[in-house]
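Please open the model in a viewer and keep the sequence panel at hand. The tour proceeds by selection, from the whole chain to single side chains.

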Amino acid sequence: SAATTLYTFFRSGASYRVRIVLALKNIPYESIPINLSAGEQNKPEYRSVNSAGLVPTLLIDGVKLNQSVAIMEYLEETRPEIPLLPSSPADRAIVRTIVQILAADTQPVQNLKILNRVVQMTGDEKNRAVWAKQVITEGLSAVENIISKSSGKYCVGDNITHADVCLVPTMPNAKRFGVDMDQFPTVNKVLSNLATHPAFLAASPENQPDAPKS
């Protein structure tokens with residue numbers, strides 16, 4: 001089969017989601033870092049790979065995929081042996097609701113591009129943290145409300161799903177912007193159950209080849 005290649009950035013939440021799924025499904029891949037902080041996503045070399053200049057981009061099975069949730073769904077449909085969606089349609093809907101809250105309503109509105117725009121529009125650097133903290137708090141509140149009813153060991157029952165895959169990458173920015181996590185006991189329970197999972201550790205930002213060596 002054609003080689004699998006992931007264009008990624010260690011600190012990108014969307015790339016983090018895809019790295020987790022690749023690890024959970026035991027799919028080997030080559031990592032090509034695109035340094036968003038240095039603007040590498042805007043260079044012609046990368047724009048020829050992803051015209052929007054976003055990460056991740058996944059090359060797999062001879063196809064080119066971008067948008068993390070679309071990639072997650074593709075990997076679920078083509079490699080169902082290690083399922084990351086529940087069998088029941090009702091539970092799948094809960095998982096997809098959590099995915100939407102985190103991947104559509106929470107992460108994109110406090111990514112680098114938007115935070116820079118908030119600072120530009122308000123003329124005040126401190127609004128970067130104010131905005132991000134508020135957005136993440138709202139997203140995690142919505143997730144807490146759902147998983148307080150749906151969770152077992154993980155977000156929805158006792159098997160890892162796409163909901164967990166989207167929850168963990170929300171955490172670096174939650175910590176960075178000082179979100180008070182004490183208000184989310186169920187989220188904290190799930191996070192502690194995932195903290196030592198090998199796939200999540202392998203995918204974590206500090207374990208990526210492009211992470212700064214401290």
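The following stops describe what each selection contains.

**Whole chain.** Begin with the entire protein chain, bearing in mind that the model is predicted. The chain has 10 helices and four strands, arranged along the sequence as β-α-β-α-β-β-α-α-α-α-α-α-α-α. Its radius of gyration is 17 Å, close to the 17 Å that the globule rule gives for 214 residues, so the chain is as compact as a globular protein of that length. The C-alpha trace spans about 50 × 45 × 35 Å along the principal axes. If the display is coloured by burial, 47% of the 214 residues count as buried. With a surface switched on, the accessible area comes to about 10500 Å², and carbon and sulfur atoms account for 55% of that area. Of the contacts between residues at least 6 apart in sequence, 66% join residues at least 24 apart.

**The sheet.** Next, select the four strands, which form an open sheet with mixed pairing in the order E2-E1-E3-E4. Strand E2 (30-33) and strand E4 (63-66) stand at the edges; each has a single partner strand, so one side of each is left without a neighbour in the sheet. Viewed across the sheet, the twist averages 20 degrees from one strand to the next. Then restrict the selection to strand E1 (residues 5-8) and E2, which pair in the parallel sense over four bridges. Within this pairing, Ile32 in E2 is the bridge partner of Tyr7.

**Helices on the sheet.** Add helix H1 (residues 13-24), which lies across E1 and strand E3 (57-60) and runs at about 150 degrees to E1. Helix H3 (residues 68-78) also packs on the sheet, where it touches E3 and E4, and its direction makes about 130 degrees with that of E4.

**Aromatic pairs.** Finally, show the aromatic side chains; the structure holds two aromatic pairs. How is the pair of Tyr7 and Tyr46 arranged? The pair is tilted, at 5.6 Å centre to centre and with 45 degrees between the planes. It links distant parts of the chain, with Tyr7 in strand E1 and Tyr46 in helix H2 (residues 44-47), 39 residues apart. Tyr7 has 14% relative accessibility and therefore counts as buried, and Tyr46 is buried with a relative accessible area of 3%. Move on to Phe9 and Phe10, whose pair is edge-to-face, at 5.0 Å centre to centre and with 65 degrees between the planes. Phe9 and Phe10 are both buried.

Terms used
Residues are numbered from 1 along each chain as its sequence is written. This is a predicted model: local features need pLDDT of at least 70, side-chain atom pairs count only at pLDDT 80 or more; totals for chains, interfaces and linings use all residues. Side-chain values use heavy atoms; hydrogens and water are left out. Two strands pair if DSSP finds at least two bridges between them. Helices (H or I, at least four residues) and strands (E, at least two) are DSSP runs, numbered from the N terminus. Axes are lines fitted to C-alpha atoms, for helices over the stretch in contact, and angles run from 0 to 180 degrees between N-to-C directions. Contact means heavy atoms within 4.5 Å. The radius of gyration is taken over C-alpha atoms; the globule rule is 2.2 Å times the number of residues to the power 0.38. Buried means under 20% relative accessible area, exposed over 50%, partly exposed in between (1.4 Å probe, protein chains only). Accessible areas come from the Shrake-Rupley method with a 1.4 Å probe; for residues, only the protein chains shown count as cover. Rings of Phe, Tyr and Trp (its six-membered ring) pair if their centres lie within 6.5 Å; planes under 30 degrees apart count as stacked, over 60 as edge-to-face and the rest as tilted.
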